[in-house]
Amino acid sequence: MKAKQNNPISFLSLCAGCVILNLLLNTGVDRLHLPVCLDTIGTVFSSCLGGFLPGVLVALITNLFRGIFLDTNYIFYSLVHVFIALCSVWFFRKKWNKNFIFVILYIVVLTLISSSFETFFISFLNGFKTSESSTVLFDQRSLFESRSLIHLLDKAITVAAVLLVLPLIPDSLKSKLHFTGWKQTPLPDSMKITIKKTDRRTISLQAKIVVVLSFAAILIVGIVSGISLMLFRNYTRNEHMKLAQGTAKLAADVVDSNHIDDFLAEGENAAGYQETEKLLYQIKASSPDIEYLYVYKIEEDGCHVVFDLDTEDSMGSNPGDVIPFDDAFLEYLPALKKGEEIDPIISNERFGWLLTVYKPVYDKNGTCVCYAAADVSMNDLRHYEKDFLFKLIILFLAFFILLLILGLWLAKYNIVYPINAIAFSSSAFAYNSDEARSKNIEELKNLNIHTGDEVENLYHSILKTTQDSMNYLSALQHKADTISRLQSSLIMVLADMVENRDQHTGDHIRKTAAYTQIIMEKMREKGYYSNVLTDDYIANVVQSAPLHDIGKIQIPDAILNKPGKLTYEEFEIMKTHTTAGEKIIAQAIETMPEADYLEEAKNLAGCHHEKWNGKGYPYGLAGEDIPLSARIMAVADVFDALVSRRCYKEPFSFEKAMSIIEEDTGTHFDPKVADAFLSARDEVRKVAERFESNFA
């Protein structure tokens, strides 16, 4: 199966269509003054059809468009819509849309997300202000309840619309709209599950990418937010300063410097006082940020009030009143007394956090007779900064989620899946046959990784290395098989040479090899000596079985082929075939130490005439001191001698031979070996019949 290629047109069409759907439905309900928004139907559609990336993109683009062309606050609703997209993807991937209870739960979750965010957002923008007869908690709860009802209806309509329309969309179209990024043959779900369960040394690559992206994003947003906040603060302060300077300048221009003493002495009764005061009120009303506007004459004993305008919260001082100097102004007193201009002053004392600008009022001689002062409240600056930072964080979180999803999406399809697929396929390699090795290559080729970067280079390098390795292994295996067959043939030729010297034995070596295999398989079936009877052990014993009488090559023909019973001296010579065979194989081991089967051949040759009760030869070993392979050969050797025709005897019947084996169990033979042999009666009979055409 080839990798599915995403069609950019399908992706863009899905996103554009869902954004337009959001905007049209939202505009429609607004014009009809309906108590719902319907601005997330497209977001939910794109999430369930396309996945995380289209869903988040639609959520962001919808609110960016509304924020630019309708109301800037819509931009900050991007975050809540992004969360709705994430929840929707999760919901539909779990296939919970087929369960009514989960559908209700889904609607409730979307409602809680929307109403909680909107309650907090509105309360924050309003500074959590309440009326005198209420509390913050009560107002927020009331707002939350009212918004929850609206959002519950809105989300119920949204989910119902999506669930009704989805079944009408053809599966072929759904497949085209589902956005993936395979750069290889798509992995089956079973392989994905296996890969996820694979043990890792510390942390997965995907988790590392999340950590790196998160750290980088937090670092960037921290730096950008700090710089933005500093620039915003400086800009806002400069604007406040310009406002204060302009206001103080206007106030200084409208005050008649020639009548300052009259204004101080007579107040409102002085000619022109009320007209000037009226102009000052008009100047103050030009901006809501102007907290106080007043005109002072600086004397040694304090500030003498010429004009002091009333505010909503406090009454201004009367003309002629003396106001003591604030601590923040003490360092500027020498300059003020001289009538010089001073820099703007920021103070936070009895009148609050204020930015104050003093503007000298000069008479016709150029002498400073008083100062016009404007105080701009800096309390709003804190609110502006909090509002700015809050909105910045909301935007950051929304775009951070988009960047995280995009980064994970790219990493998953370009790095994580390809590398895991290579690792999984490589770990499942089998090397025991040409077919298995060819299958390994095909599995790697079928991955078809084409990321176009270093991962693809790695894939092709591994593929080439694997092909070369498999070819080399195949060549080695063929050579090893050839050598093994050659060794087996040589063993059989050598055994035949010895057997041909002994006119009594016939096909003895082949039959005993077959019997040993039957015995060992039956023993393993019964659980006897299971820790010893491995596949390799059985193969070694069967391969080396023909060599058990190799020592007879050193026995004189007269003794080896004597038709009658051997004398005591002759039998003693005959018994030496065990130690002679042991020495011959020991010499072979010195030249081929890596041939494991020769160790068992040595045991067989030297000990196959030992008896369980210790009365055998050549060493008189007893019980499990006798090598297991020799105990097995003892049964096979005796049975074949019993049922075979010799020049000095007729063959025993199969049943008679079996009864003799049974009688000698525990004396001559290992009980477990004998039991396995007797239990394999049918298999033994088939071997005997194949080699012997005549039973007595």
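**Notebook: strands, salt bridges and a surface patch**

I began with the strands and found that strand 1 (residues 290-299) and strand 2 pair in the antiparallel sense over 6 bridges. The model I am reading is a predicted one. Strand 1 and strand 2 form a hairpin, with 2 residues between them. For the register I looked up Y294, which stands opposite D308 in strand 2.

I then followed strand 2 to its other partner. Strand 2 pairs with strand 3 (residues 322-323), again in the antiparallel sense, over 2 bridges. Here C303 stands opposite I323 in strand 3. I also checked how far strand 2 (residues 302-308) is covered: 7 of its 7 residues are buried.

**Salt bridges**

How many salt bridges does the count come to? I recorded 18 salt bridges. I looked up several of these pairs individually.

The side chains of D154 and K155 meet in a salt bridge, at 2.8 Å from N to O. Are D154 and K155 buried or exposed? D154 has a relative accessible area of 0% and is therefore buried. K155 counts as buried too, because its relative accessibility is 2%, and the cut-off for buried is under 20%.

Next I examined D535, which forms a salt bridge with R524; the closest N and O atoms are 2.7 Å apart. This pair links distant parts of the chain, with D535 in helix 17 (residues 535-544) and R524 in helix 16 (residues 508-526), 11 residues apart. D535 is exposed because its relative accessible area is 54%, whereas R524, at 35% relative accessibility, counts as partly exposed.

The third pair I noted is E655 with R685, whose side chains meet in a salt bridge at 3.1 Å, N to O. E655 lies in helix 22 (residues 654-663) and R685 in helix 24 (residues 681-691), so this pair ties together parts that are 30 residues apart in sequence. Both partners are partly exposed: E655 has a relative accessible area of 45%, and R685 has one of 26%. I also entered a network in which D261, K297 and E299 are joined by salt bridges that share partners.

**Nonpolar surface patch**

Which residues form a nonpolar patch on the surface? I listed F215, L219, I223, I227, M230 and L231, which together have about 610 Å² of accessible area. I located M230 in helix 9 (residues 205-254). M230 counts as partly exposed because its relative accessible area is 45%, and a patch residue needs over 30%.

Conventions. Residues numbered from 1 in each chain as written. Predicted model: local features only at pLDDT ≥ 70, side-chain atom pairs only at ≥ 80, totals over all residues. Heavy atoms only, no water. Patch = residues over 30% accessible without salt bridge, like charges linked within 9 Å, V, L, I, M, F, W, Y side chains within 5 Å. Areas by Shrake-Rupley, 256 points an atom, 1.4 Å probe, with all protein chains shown as cover. Salt bridge = Lys/Arg side-chain N within 4 Å of Asp/Glu carboxyl O. Helix = DSSP H or I, 4+ residues; strand = E, 2+ residues; numbered from the N terminus. Buried < 20%, exposed > 50% of the residue type's maximum accessible area, 1.4 Å probe, protein only. Pairing = 2+ DSSP bridges.
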